[in-house]
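Trainee: I've never read a protein model before. Could you walk me through one, feature by feature?

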Amino acid sequence: MTENSDLPLALQIPKGDMYLRAVTRDDIFALQAYLWQDRSIDRIDEFICRILKYQQQDRGVGVVVMGNADMPIIGYGQVTQWVTCAEISDLIVHPHYQSRGYGTAMIQYLTRVMLEKRYSC
């Protein structure tokens with residue numbers, strides 16, 4: 001499948017020049033510094049622990065978009081399988097990196113996760 005396929009954009013493969021990885025608790029300080037300055041460390045830690053718990057239960061995945069040394073994390077998004085439906089949520093891209101395809105790449109990646117894990121909806 002190529003980027004220019006006839007598939008809807010959300011089902012296409014993310015561009016190869018973006019690096020996404022699973023979120024970890026080690027990311028909470030960078031998440032606060034670059035994406036969620038208005039949230040406390042405790043609140044972010046609780047939020048990330050919840051998605052990590054869902055990940056262990058095969059009910060969700062949280063991802064970060066990696067940046068560079070000046071801004072190590074430039075985006076976050078997650079997918080959660082609820083009782084009746086899966087939901088992509090909490091997408092955020094740092095304002096300096098918006099309109100460059102990072103949000104689209106997260107949606108594409110999380111959509112692919114939903115399909116591979118056979119999440120409903």
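Mentor: Sure. Let's begin with a term: an accessible area comes from the Shrake-Rupley method with a 1.4 Å probe. In this model, which is predicted, the protein exposes about 7200 Å², and carbon and sulfur atoms supply 50% of that area.

Trainee: Okay, and how many helices and strands does the protein have?

Mentor: There are 3 helices and 4 strands. Start at the N terminus and the elements come in the order β-α-α-β-β-β-α.

Trainee: What share of the residues is buried?

Mentor: A residue is called buried when its relative accessible area is under 20%. Here 40% of the 121 residues make that cut.

Trainee: And what do contacts tell me about residues that sit far along the chain from one another?

Mentor: Take the contacts between residues at least 6 apart in sequence: 57% of them join residues at least 24 apart. For a single case, look at A105 and Y19, which are 86 residues apart along the chain, with 9.4 Å between their C-alpha atoms.

Trainee: Let's do the sheet. In what order do the strands sit?

Mentor: The 4 strands make an open sheet, ordered β1-β2-β3-β4, with antiparallel pairing. At the edges are β1 (20-22) and β4 (86-93), each of which pairs on one side only. From one strand to the next, the twist averages 20°.

Trainee: How many bridges join β2 to β3?

Mentor: These two antiparallel strands share 7 bridges. One to find on screen is G60, whose bridge partner in β3 is T80. β2 and β3 also form a hairpin, with 6 residues between them.

Trainee: And how many bridges are there between β3 and β4?

Mentor: Strand β3 (residues 73-81) pairs with β4 over 6 bridges, again in the antiparallel sense. Here the hairpin runs through 4 residues. Two bridges to look for: G75 has V93 as its partner in β4, and Y76 has I92.

Trainee: Is β3 mostly covered or mostly open?

Mentor: Mostly covered: 9 of its 9 residues are buried.

Trainee: Where do the helices go relative to the sheet?

Mentor: Follow each helix and ask which strands it lies across, and at what angle. Helix α2 (residues 41-56) lies across β1, β2 (60-66), β3 and β4, and it runs at about 50° to β3. Helix α3 lies across β1, β2, β3 and β4 as well, running at about 160° to β4.

Trainee: Can we zoom in on single residues? Is G62 buried or exposed?

Mentor: G62, which lies in strand β2, is buried because its relative accessible area is 0%. Leaving aside neighbours within four places in sequence, G62 is in contact with R21, A22, V23, I51, Q55, Y76, G77 and Q78. With Q78, the C-alpha atoms are 4.1 Å apart, though the two residues are 16 apart in sequence.

Trainee: Why does D45 count as buried?

Mentor: D45 counts as buried because its relative accessibility is 16%, and the cut-off is under 20%. You'll find D45 in helix α2. Beyond neighbours within four places in sequence, it touches R25 and I28.

Trainee: And A105, is it buried or exposed?

Mentor: Buried, because its relative accessible area is 1%. A105 belongs to helix α3 (residues 102-116).

Trainee: Now the rings. How do I describe two aromatic rings together?

Mentor: Use two values: the distance of the centres and the angle of the planes. The count in this model comes to 5 aromatic pairs. One of them is Y97 with Y102: the centres are 5.9 Å apart and the planes 80° apart, so we call it edge-to-face, a label for planes over 60 degrees apart. Both Y97 and Y102 are buried.

Trainee: Which residues do ring pairs link into a cluster?

Mentor: W36, F47 and Y76. You've met Y76 already, as the bridge partner of I92.

Trainee: Last one: where do charges sit over rings?

Mentor: Look for a charged side-chain end above the face of a ring. R39 lies over the face of W36, at 4.4 Å from the ring centre. At Y54, the charged end of R59 sits over the ring, 4.3 Å from its centre.

Definitions and conventions:
Residues numbered from 1 in each chain as written. Predicted model: local features only at pLDDT ≥ 70, side-chain atom pairs only at ≥ 80, totals over all residues. Heavy atoms only, no water. Buried < 20%, exposed > 50% of the residue type's maximum accessible area, 1.4 Å probe, protein only. Contact = heavy atoms within 4.5 Å. Pairing = 2+ DSSP bridges. Axes fitted to C-alpha atoms, helices over the stretch in contact; angles between N-to-C directions. Phe/Tyr/Trp six-rings, centres within 6.5 Å; stacked < 30°, edge-to-face > 60°. Lys NZ or Arg CZ within 6 Å of the ring centre and 35° of its normal.
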